[in-house]
Amino acid sequence: MSYQVNEKGYYGNFGGAFIPEMLFPNVDELRENYLSIIQEENFQNELNDLLRDYVGRPSPLYYAKRLSAHYKTNIYLKREDLNHTGAHKINNTLGQILLAKRLGKTRIIAETGAGQHGVATATVCALMGLKCIVFMGEVDIKRQAPNVARMKLLGAEVIPATSGSKTLKDATNEAIRDWINNPLDTYYIIGSVVGPHPYPDMVARFQSVISEEMKKQLLEKIGNENPNVVIACVGGGSNAAGAFYHYLDNLNVRLIAVEAAGKGIDSGHSAATSVLGKPGIIHGSKTLLMQTEDGQITEPYSISAGLDYPGVGPIHAHLFETGRAEFASATDDEALKAAFLLCELEGIIPALESAHALAHLEKLNAKEQEVVVINLSGRGDKDLETYIKSQKG
Amino acid sequence: MENRINKLFNSKKKNILSVYFTAGFPNLNDTLTIIQELENSGVDMIEIGMPFSDPLADGPTIQRSSEIALENGMTIKLLFGQLKDIRINPPSNANAIAPPFSRGNSELPLVLMGYLNPVLQYGMENFCKDASALGISGVIIPDLPLQEYLDEYKSIFEKHNLKNIFLITPQTSEARIRLIDEHSSGFIYMVSSASTTGAKSGIGADQELYFKRIQSMALKNPTVIGFGISDNKTFSKACESANGAIIGSAFIKAIDGSKDLKKDIKDFVKGILGERALV
């Protein structure tokens, strides 16, 4: 069983490039060139230097002693929250902007949900001196105000997406429409393992540095590069793809993807795509997505803007279908509780997204000798308002 | 039976006017009235939009008409129900606003336009079978790429005598245009400029060059220009370089909030066709 994309851009039954003809030349150019560019020595050198000196990689793998004692097991946190800009997103934006430059593009567009990908894109655009336009749902602009301010400070233009549910899905629609209207000079930096082939594979490759480092760090710390379990949250699924990547073929490592259950899976206010979704087409790829019987894409809900997406990347649809990854979910309340626990026991304020992964520790019942790695994909500065509000409540 | 799209292009080579509307807009049950009035006004082909929640290739006008149509409750099933009497005279359902059309039974080619996901949920085989049974002649699915069509769906379309209509744009390579021409047998939809629907209007020098380039390729299929065609001037200009043109967003705007749908449609088409309009 292969968990990698095939030559047609599919992971098993999922993936492909379902794009209007207007986007064909751009996506095709990328498909033709991405692998050879990424593999060039000077590309690798430039990327690795920036990851080290600009992002601060490798991100630490931290043994969370008090959290481990609490759950009576061994918990390591992969500290993507300590990256420059505060999340894993920059691993991907750096890779893609170097690619965009080599393709001669001068104008960068991106979508963003929580604002982490928008900030990471605005950051690398400032670094490279390229024009940056970020599409963000109107609802998300309100609930993630600090990140909007950061993007603007970094010189990006933030355009509100006012159609549909006014969240991540609609921001992605607007970015795609912008690309249709500006095919020649523009490069679209997609923030997750979604979109038409080759995006899911390309983003997974740029995020795979997470599990590459995890292996080395675990070998150093415990003498074994394989943990028993890796847990990551999944919206589109880029941090999970990166955390799972180098373990996909090692079936002894349990991979657990935690989706946002929102107010409960059956509440009608949820983003748990693996449970609520059916195969369909969203943003250019065939994957699992939440939709009506008539094939209209429905509006998901999560307290966390980064998980508020009605689909999952096609790689995750494949991991779900084949059973390679276990899919779990955490409600808003469970995520909040897990975030507060991490604050209390470890002095780390996690992003609401990452708190969903932490929340799964309650249900995991890990054994005392087991090693569990949680991908702490981002930090919680952007979520302070939500945290403060729910503490009062 | 000869496909009505082929029949049209075999009998008429120039100035073909195709109009797009979103089914379910402005009101759920306007579908037959709009089709009837467009035909009576002298339109040659009609594209019936199947609304989708996330229309990636569409600008604000068609996005909004799609949202309203979905709020009104439009679905493919419902649309097919509305269309069931379109080729039958007299209608089997006495309540339907249906033919007879003023020019007799409708022979106008009807093309369904929509996005892939709702069609997949309906089921491609069933969709083609049911559409064909209703007398639909072709389908435009912008997010169904050529290769996917060839690998998965071409035989289904052919079995049901449905033409799949492909788009080309100013950025489409010559080799790809040749490939699309080879696999098309209805017409080729020329997107006038790099844009979503309704985004730009007017035809500039760049577009004229592109139109000339395509003309000089002498494709086996007829060509129809769409996107940015909104009035008599742009329609006439497009018709100089292609067999016809398609109007969508401008028509949606014209019937938005209409108090007299029939009159507004008649006036709109008259405005586009100028002296050629049937009065």
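These exercises, each with a worked solution, go through a predicted model with chains A and B.

**Exercise 1. Find the domains of chain A and describe how they meet.**

Step 1. Start with the bounds. The domain assignment splits chain A into domain 1 (20–50 + 89–203) and domain 2 (56–87 + 208–392).

Step 2. Take the centres over C-alpha atoms. Those of domain 1 and domain 2 of chain A are 22 Å apart.

Step 3. List who takes part. Domain 1 of chain A brings 32 residues to the contact, and domain 2 of chain A brings 36 residues.

Step 4. Turn to area. About 2,400 Å² is buried between domain 1 and domain 2 of chain A, and carbon and sulfur atoms give 56% of it.

**Exercise 2. Work out the order and the edges of the four-stranded sheet in chain A.**

Step 1. Read the order across the sheet. It is β7-β6-β5-β8 (chain A), an open sheet with parallel pairing.

Step 2. Find the edges. β7 (157–161) and β8 (186–189) of chain A each have a single partner strand, so one side of each is left without a neighbour in the sheet.

Step 3. Add the twist. From one strand to the next, it averages 25°.

Step 4. Look at one pair. Strand β6 (residues 131–137) of chain A is joined to β7(A) by five bridges, in the parallel sense. Within β7(A), Ile159(A) is the residue that stands opposite Phe135(A).

Step 5. Place a helix on the sheet. Helix α4 (residues 89–102) of chain A packs there and touches β5 (107–112) and β8 of chain A. The direction of α4 makes about 160° with that of β8(A).

**Exercise 3. Do the same for the six-stranded sheet of chain A.**

Step 1. Write down the order. It is β3-β4-β14-β9-β10-β13 (chain A); the sheet is open and the pairing is mixed.

Step 2. Mark the edge strands. These are β3 (61–63) and β13 (325–331) of chain A, each paired on one side only.

Step 3. Note the twist. Its average is 25° from one strand to the next.

Step 4. Pick an inner pair. Strands β9 (residues 229–233) and β10 (residues 254–262) of chain A share five bridges in the parallel sense. Here Val230(A) has Leu255(A), in β10(A), as its bridge partner.

Step 5. Lay the helix over the strands. Helix α14 (residues 332–346) of chain A lies across β3, β4 (74–79), β10, β13 and β14 (371–376) of chain A. It runs at about 90° to β13(A).

**Exercise 4. Locate the backbone features in the loops of chain A.**

Step 1. Which peptide bond has omega near 0°? The bond from Arg57(A) to Pro58(A) does, and it is cis. Pro58(A) sits in the loop between α2 (41–55) and β3 of chain A.

Step 2. Go on to His197(A) and Pro198(A). A cis peptide bond joins them, with omega about 15°. The loop that holds Pro198(A) runs between β8 and α9 (199–207) of chain A.

Step 3. Check phi at Asn365(A). The value is near 50°, positive in a residue other than glycine. Asn365(A) lies in the loop between α16 (361–364) and β14 of chain A.

**Exercise 5. Classify the packing of two helices in chain B.**

Step 1. Take the geometry. Helix α9 (residues 205–216) and helix α10 (residues 232–241) of chain B pack at about 30°, and their axes are 9 Å apart.

Step 2. Apply the cut-off. Angles under 35 degrees count as roughly parallel, so α9(B) is roughly parallel to α10(B).

Step 3. Name the residues. α9(B) uses Glu208(B), Phe211(B), Lys212(B) and Gln215(B). α10(B) uses Lys237(B), Glu240(B) and Ser241(B).

Step 4. Sort them by class. The contact of α9(B) with α10(B) has four charged, two polar and one nonpolar residue.

**Exercise 6. Describe the interface between the two chains.**

Step 1. Give the residues on each side. Chain B has 38 residues in contact with 35 residues of chain A.

Step 2. Give the area. Chain B and chain A bury about 2,800 Å² between them, with 52% of it on carbon and sulfur atoms.

Step 3. Which residues of chain B lose the most area to chain A? They are Asp54(B), Leu56(B) and Gln121(B), together 21% of what that side buries.

Key. Residues numbered from 1 in each chain as written. Chains lettered and ligands numbered in written order. Predicted model: local features only at pLDDT ≥ 70, side-chain atom pairs only at ≥ 80, totals over all residues. Heavy atoms only, no water. Pairing = 2+ DSSP bridges. Axes fitted to C-alpha atoms, helices over the stretch in contact; angles between N-to-C directions. Contact = heavy atoms within 4.5 Å. Parallel < 35°, antiparallel > 145°, perpendicular 65-115°, else oblique. Nonpolar A, V, L, I, M, F, W, Y, C, P; charged D, E, K, R; others polar. Domains from an automatic or database assignment. Buried area = accessible area lost by both parts, 1.4 Å probe.
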